[in-house]
Amino acid sequence: NMWMPLLLPFLCCLSTAAAGKLLVIPMDGSHWLSMKEVLAELSRRGHEIVVVAPDSNILIDSSGNYTMKTYSVPYKQEEMEEFLHSTSTISFSEEPFLTRFLDIWENLRKTSALFHTACSSLLYKKELMKFIEESKFDAVFTDPLTPCGQIVALHFSIPTVFFLRGVPCSVDIYAAQGPSPPSYVPRLFSFSTDHMTFSQRVKNLLISISEYFTCSIIFSPFERLASDFLQKPMTLTQLLSHGSVWLKRTDFVFDYPMPVMPSMVFIGGINCGKKKLISQ
């Protein structure tokens with residue numbers, strides 16, 4: 001009690017927590033559905049939110065929870081829907097594995113080209129970029145599967161919060177400086193567990209090597225765009241390495257355990273439906 005008179009003047013100097021200004025550059029499609037739920041909760045807590053999206057999109061819509069800013073892109077919504085629909089159809093087809101893999105890869109390349117076009121349209125939209133600069137946002141909330149949000153964040157020196165399921169070829173792991181040895185961590189399409197035989201480890205290593213060439217083709221347009229816009233050489237891994245927090249929409253219930261960095265937070269439950277109480 002004797003210390004209370006001395007502490008009270010210091011307590012008066014403390015300020016209450018204030019809401020922040022959040023710039024959201026989302027990924028279209030199903031990725032947006034989970035992000036929209038987070039934005040609703042952030043809005044309820046008093047944060048000011050601005051969502052920036054292309055005018056031709058599939059699911060990104062306006063809401064009372066945020067301010068919507070759109071920019072024009074040189075493609076139509078029907079083109080995006082066609083690529084995404086065909087990718088889903090190929091994924092669940094009964095064609096041989098190699099055929100499905102090549103077809104999915106080709107569709108991803110085409111879809112990536114559309115996202116690259118959208119990103120370029122945003123970065124060189126002078127009025128919108130001026131608005132972002134003058135708004136003094138506290139953070140950028142984005143999905144790094146298309147790294148456009150990170151390019152904007154790095155350009156304006158704004159901290160980034162990533163919201164993702166994952167990035168192909170373990171780019172997210174490497175960008176966060178986490179270990180992902182092919183001897184222990186199964187690669188996508190390997191169908192192996194974390195307990196592999198020698199032949200499975202060799203197969204996993206070959207898949208890991210092939211990922212380097214596959215992802216270099218898919219993401220190289222973004223790397224060139226980032227390098228030109230930021231005016232310095234930039235790989236995708238270097239670009240994403242500037243992220244502050246990684247919110248991963250997965251869990252070790254779905255994926256095999258692997259080493260992760262402290263900046264990675266697992267929120268796999270966000271994709272789960274709300275439980276219904278069982279009657280007596």
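## Helices α6 and α8

α6 and α8 pack against each other at an angle of about 20°, and their axes lie 11 Å apart. Since angles under 35 degrees count as roughly parallel, that makes α6 roughly parallel to α8. Their crossing is right-handed. Please keep in mind throughout that this is a predicted model.

Which residues make the contact between α6 and α8? On the α6 side they are I151, L154 and H155, and α8 answers with F222, A226, F229 and L230. Sorted by class, the contact of α6 with α8 has six nonpolar residues and one polar residue, with no charged ones.

## Helices α4 and α6

Next comes the pairing of α4 with α6, where the packing angle is about 25° and the axes are 10 Å apart. That makes α4 roughly parallel to α6. The crossing of α4 and α6 is right-handed.

From α4, the contact draws on C119, L122 and L123, while α6 brings C148, I151 and V152. I151 of α6 is thus worth a second look: this residue is in the contact with α4 and also in the contact with α8. By class, the contact of α4 with α6 has six nonpolar residues and neither polar nor charged ones.

## Helices α4 and α8

How do the axes of α4 and α8 lie? They come within 9 Å and cross at roughly 10°. That makes α4 roughly parallel to α8.

On α4, the contact runs through F101, W105, L108, S112, F115, H116, C119, S120 and L123. On α8, the partners are T214, I217, I218, P221, F222, L225 and F229. The residues of this contact divide into 12 nonpolar and four polar, with no charged ones.

Some names return from the earlier pairings. C119 and L123 of α4 take part here and in the contact with α6. Likewise, F222 and F229 of α8 meet α4 as well as α6.

## The cavity

Now to the empty space. How many cavities of 30 Å³ or more does the structure hold? There is one, and the largest cavity has a volume of about 190 Å³. Its lining counts 23 residues, and those closest to the centre are P26, P54, Y71, F115 and T146. F115 is familiar from the α4 side of the contact with α8.

The elements that give two or more residues to this lining are β2 (48-54), α4 (97-123) and α6 (148-156). The largest share comes from α4, with four residues. As for character, the lining of the largest cavity divides into 16 nonpolar, five polar and two charged residues.

## The second largest pocket

The second largest pocket has a volume of about 280 Å³. It is lined by 14 residues, and V171, Y212, C215, S216 and T237 lie nearest its centre.

Which elements each supply at least two residues of this lining? They are α7 (171-175), α8 (198-230) and α9 (236-240). Among them, α8 gives the most, with seven residues. The lining of the second largest pocket divides into seven nonpolar, four polar and three charged residues.

## Bringing it together

Two helices make handy landmarks as you look around the model. α4 packs with α6 and with α8, and α4 also gives the largest share of the lining of the largest cavity. α8 packs with α6 and gives the most to the lining of the second largest pocket.

How values were computed. Residues are numbered from 1 along each chain as its sequence is written. This is a predicted model: local features need pLDDT of at least 70, side-chain atom pairs count only at pLDDT 80 or more; totals for chains, interfaces and linings use all residues. Side-chain values use heavy atoms; hydrogens and water are left out. On a 1 Å grid over the protein atoms alone, a cavity is a set of points where a 1.4 Å probe fits but cannot get out, and a pocket is an open set with protein on both sides within 12 Å along at least five of seven lines; lining residues have an atom within 4 Å of a point. Grid points are joined across faces, edges and corners, and a volume is the space filled by probe spheres set on the points. Ala, Val, Leu, Ile, Met, Phe, Trp, Tyr, Cys and Pro count as nonpolar, Asp, Glu, Lys and Arg as charged, and the others, Gly among them, as polar. Axes are lines fitted to C-alpha atoms, for helices over the stretch in contact, and angles run from 0 to 180 degrees between N-to-C directions. Angles under 35 degrees count as roughly parallel, over 145 as roughly antiparallel, 65 to 115 as roughly perpendicular and the rest as oblique. A crossing is left-handed if the near helix is turned anticlockwise from the far one by less than a right angle, and right-handed if clockwise. Contact means heavy atoms within 4.5 Å.
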